[in-house]
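Reader: I should like to discuss this model by setting its values against the definitions behind the terms. Please begin once the structure is in view.

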Amino acid sequence: MTRMAALLVLLLALLLTCTPAAAGDLLVDNARLWDPQAAAPVTGRVVIRDGLIAAAGPDAAIPEGMEVWDAEGRPVTPGLFHPASRLGLVEITSATDTMDSRAGETGIGRAFDVQYALNPESLLIQQARAEGVVHAMSRPEGSGEPPFAGLGAVIRLAPGNDVLHRARAGMFVTIGGAAERSRAGDWQLLRRALDAARAAGDDAESDDAALQPVLDREIPLVIQTHRASDIRQAVAVAEDFDLRLVLVGASGAWKLAGLLAEHDVDVIVDPATDLPVSMDRLGARPDLAAVLHAAGVRVAFHSDGVHNDHNAAVALRTAAGVAVAHGMDQMAALAAITVNPAAIWLADAPSGLEIGAPADLVVWDGDPLEPASAPVAVFIGGERISRDTRRSALAERYHPGRKP
Amino acid sequence: MDRAGRPVPAARRGFRHGLLLAAVLWLGAGWATLLAQAADAPEPPRPVLIRNATVLDPVAGRRDATDVLLENHRITAVGRGLDAPDGAGIIDGDGRWVTPGLIDIHTHLGMAGVPYIPVELETWDVNELSDPNTAQVRAEDAVDPGDPAFARALAGGVTTVQVLPGSGNLIGGRGVVLRNIPAVTVADMTFDGAARVLKMACGENPKYTWGPKGEAPVTRMGIAAELRQAFAETAAYRDRGGPVDGQAPDARLEVLAGVLAGDIPVHMHCYRAAEMDRMMTLAEEFGFRIAAFHHAAEAYKIAGRLAAHGACAVVWADVWGFKMETLDAIVENAAYTDAAGACVALHSDLPRIGERLPVEAARARAAGMRAGLDISRARALSWLTTAPAAMLGIEDRVGRLEAGLDADVVVWNGDPFSIRTRAERVFIRGLEVHALDDSGPARSDLELGHPAAEPRP
């Protein structure tokens, strides 16, 4: 109690002595800036006004009277952006009442829209936010109308009751080896659906209407597939219907890097899966990202492993680290978990350390690409957020130095 | 030669691997030598002197600018300014780190081999689901050395693996410890003299495997009751002197009698603190010890109890939330449990984790240090070397860089705890079984010549 009282007095004293600063205004100074769009980290500062980045870099002018947060030379990156998660849709895998990424018995088809399931109180969101994930694509896993999985939503993990940032941000389709289905039929179903939606135009029924933004190039068609033959089919569909195409998985894409670059296809891969875990993935290799990047393809990283949702930040940084270990430039790898996902899912908005981007910053206690590193502070929209989680509370309760 | 005097087979399949070709060329030998090494009476591999490296040992700690000499399958010296024997291969250790080969104490390599084929998942070789007690089955009867995950683990510095049956049964069967050398048969990989543990399981997996079939166990009560019954029958079998005259020994009861006699270590899949406590109590009733709890998500809640019983915790750095009994797993688990005096090893279970075990150790260590614990790099390395070696009864043969031990050695191209680092060379009993080059990990038979995997650019 005495400690609490002392804290209160200290807080009061601070409130009385500090220059009043506008909410969302902050100078993060003495930072080792890892700007994913720069060639290398540099020492500098970030000026935040109204929750947006007003300036960033070694030469950014120091505004007068602004509250200062000293990064003490630590690495600072933009908030991480998970390009292919289930955050907010899933929680405890075996507790099926917490799993909402599949339409299941609702039978809803391609219009299956995950925005209505998002749970801001999810432990996974709490964990991801505390570890520096600020945005994520939350994607559907399956609709009542395969090969369509449904419509994914971009979430923003600011504390509060609403994480939905952009609904219906991508139409997801999954095509590949399956016991009960031929992929030939799935490609035909996809093409028929696109044909029908194009013919129906704006008068379409709800399921057809769900494809209109895809046909209008407002949102991408997202095809989750691995085999090289399927990647070629995906590119052909995108060309025939003049669509924006995003691939997820794409283990065999290293052979088709030139084709993907030529067609401006964005590719979300997992560099940490180099095992041929399925027959479709016999070509899996850890330098996939480096090969695609070298060919000029925009890449982003997710994980096919257990960490993708439950340890989202670690999953992303592990992916980036593995890509670097296998030949990718470290800043390009950082881009693959920050600005590239932003460009894929929020194409029209500034991101990273660009002026006008939301001031989402993570201050790290070590190399941001090392899984062993952790944030010392996370700022979302210029506000430092609490990093307390249920798991950190457990760690505190059971600390071995604590007297029972 | 190993302890039993049996020649240890070299990389029989090695000539199919480009990487091993590189290794052979580096060793200045050639096909003939490697094949000779693979023959039944091999010459020992050429001596290797690693010079001027950063040597990290779980016991001796970190030594800079240090040499390691491998001769005649063994480490023969670790120190400064060692002389190279005639004909030795020299590795420039400048900028490189050297550790003992890593031990992954919980894998299903070769049993749950990749690729995962949908129609085979019902009958894959991990769980013998014909009865909840299959103490008599052995993992080694199911292991396919062709599983590409072996070579990926090797590329991550893993030189010894324990392969275990799964956790669908209460008593799943015997594990086997393998040297991670490219081979065609399990016999060529078997780590002679290592423990052959009995894998058991508690909690959700046996419940959900058998309960829905209307068979015991349905509940955790049923799990304990079934185990008590099995050990009571075993004690009676033992007390009457084994099989009745003229009848064959009961394979199940013989194994469980080995547990009661303390000859067969029990490694038990178990997550919750309360449940681990009940299992230790049950074991104590029957006079045996549970050597290790695997996964042990809540080990940190009862670390003192584990230490008192003599049970180790074999854990992930941080895998949580995939079922209710994993909800309380925390990244501090290994560090807290170690700090409380219980032995700790890290495991992969999943091949992708096994490819990067030192990074797991680094995470677990960093979490402990953030909580104010003092954990040396050497201590974190012990979770992947000396600790699992002791659990498997091979601590005087592998797990340290010390004269007299098997030459299971990894040369890393940087700090092994960094995700940016890769294993540059891996030796098992002095034979180079992995060398980093641009062509990626060794091609398994599955991938070899397959148009989806070739050609490498």
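Author: The model is predicted. Its largest nonpolar core holds 186 residues, of which A:Leu260, A:Phe301 and B:Phe293 touch the most other members. A second, separate core has 18 residues, including B:Ile105, B:Ala195, B:Val197 and B:Ile394.

Reader: What makes a set of residues a nonpolar core?

Author: The members must be buried residues of the listed nonpolar kinds, joined through side-chain atoms within 4.5 Å.

Reader: Why is A:Leu89 called buried?

Author: The relative accessibility of A:Leu89 is 1%, and buried means under 20%. A:Leu89 therefore counts as buried. Its place is in the loop between β6 (80-85) and α2 of chain A.

Reader: Which residues is A:Leu89 in contact with, leaving aside its neighbours within four places in sequence?

Author: A:Leu89 is in contact with A:Thr98, A:Met99, A:Asp100, A:Ser101, A:Val114, A:Ala117, A:Leu118, A:Ser138 and A:Arg139. Contact here requires heavy atoms within 4.5 Å. As for C-alpha atoms, those of A:Leu89 and A:Pro140 are separated by 8.4 Å, the two residues being 51 apart along the chain.

Reader: Why is B:Ala232 called partly exposed?

Author: Partly exposed covers the range between under 20% and over 50%. B:Ala232 has 38% relative accessibility and therefore counts as partly exposed. This residue belongs to helix α5 of chain B. Its C-alpha atom is separated by 8.1 Å from that of B:Phe286, 54 residues apart along the chain.

Reader: What makes helix α6 of chain B mostly covered?

Author: Of the 10 residues in α6(B), which spans residues 251-260, 7 are buried. They are B:Leu253, B:Val255, B:Leu256, B:Ala257, B:Gly258, B:Val259 and B:Leu260. The elements that cover them include β8 (171-174), β10 (198-201), α5 (220-239) and β11 (266-270) of chain B.

Reader: How do you know that B:Asp250 caps the N-terminal end of α6(B)?

Author: A side-chain oxygen of B:Asp250 lies 2.9 Å from the backbone nitrogen of B:Arg252. A polar contact is a pair of N or O atoms within 3.5 Å, and the distance of 2.9 Å meets that cut-off. After the helix comes B:Gly262, whose phi is positive, near 80°.

Reader: What makes an empty space a cavity, and how many cavities of 30 Å³ or more are there?

Author: In a cavity a 1.4 Å probe fits but cannot get out. By this rule there are 8 cavities of 30 Å³ or more. The second largest has a volume of about 190 Å³. Its lining has 16 residues, and A:His307, A:Thr318, B:Ile353, B:Arg356 and B:Glu360 lie nearest its centre. Two or more lining residues come from each of α10 of chain A and, in chain B, α10 (351-354) and α11. The largest share, 4 residues, is that of α10(A). By kind, the lining of this second largest cavity divides into 8 nonpolar, 3 polar and 5 charged residues.

Reader: What lines the second largest pocket?

Author: That pocket has a volume of about 650 Å³ and is lined by 29 residues, with A:Arg387, A:Thr389, A:Ser392, B:Val331 and B:Glu332 nearest its centre. Elements giving two or more residues are α2 (123-130), α10 (312-325) and α13 (390-397) of chain A, together with α11 (357-370) of chain B. With 5 residues, α13(A) gives the most to this lining. The lining of the second largest pocket comprises 13 nonpolar, 6 polar and 10 charged residues.

Note on methods. Residues are numbered from 1 along each chain as its sequence is written. Chains are lettered from A and ligands numbered from 1 in the order in which they are written. This is a predicted model: local features need pLDDT of at least 70, side-chain atom pairs count only at pLDDT 80 or more; totals for chains, interfaces and linings use all residues. Side-chain values use heavy atoms; hydrogens and water are left out. Buried means under 20% relative accessible area, exposed over 50%, partly exposed in between (1.4 Å probe, protein chains only). A polar contact is a pair of N or O atoms within 3.5 Å; within protein, one must be able to donate a hydrogen and the other to accept it, and residues adjacent in sequence count only if both atoms are side-chain atoms. On a 1 Å grid over the protein atoms alone, a cavity is a set of points where a 1.4 Å probe fits but cannot get out, and a pocket is an open set with protein on both sides within 12 Å along at least five of seven lines; lining residues have an atom within 4 Å of a point. Grid points are joined across faces, edges and corners, and a volume is the space filled by probe spheres set on the points. Ala, Val, Leu, Ile, Met, Phe, Trp, Tyr, Cys and Pro count as nonpolar, Asp, Glu, Lys and Arg as charged, and the others, Gly among them, as polar.
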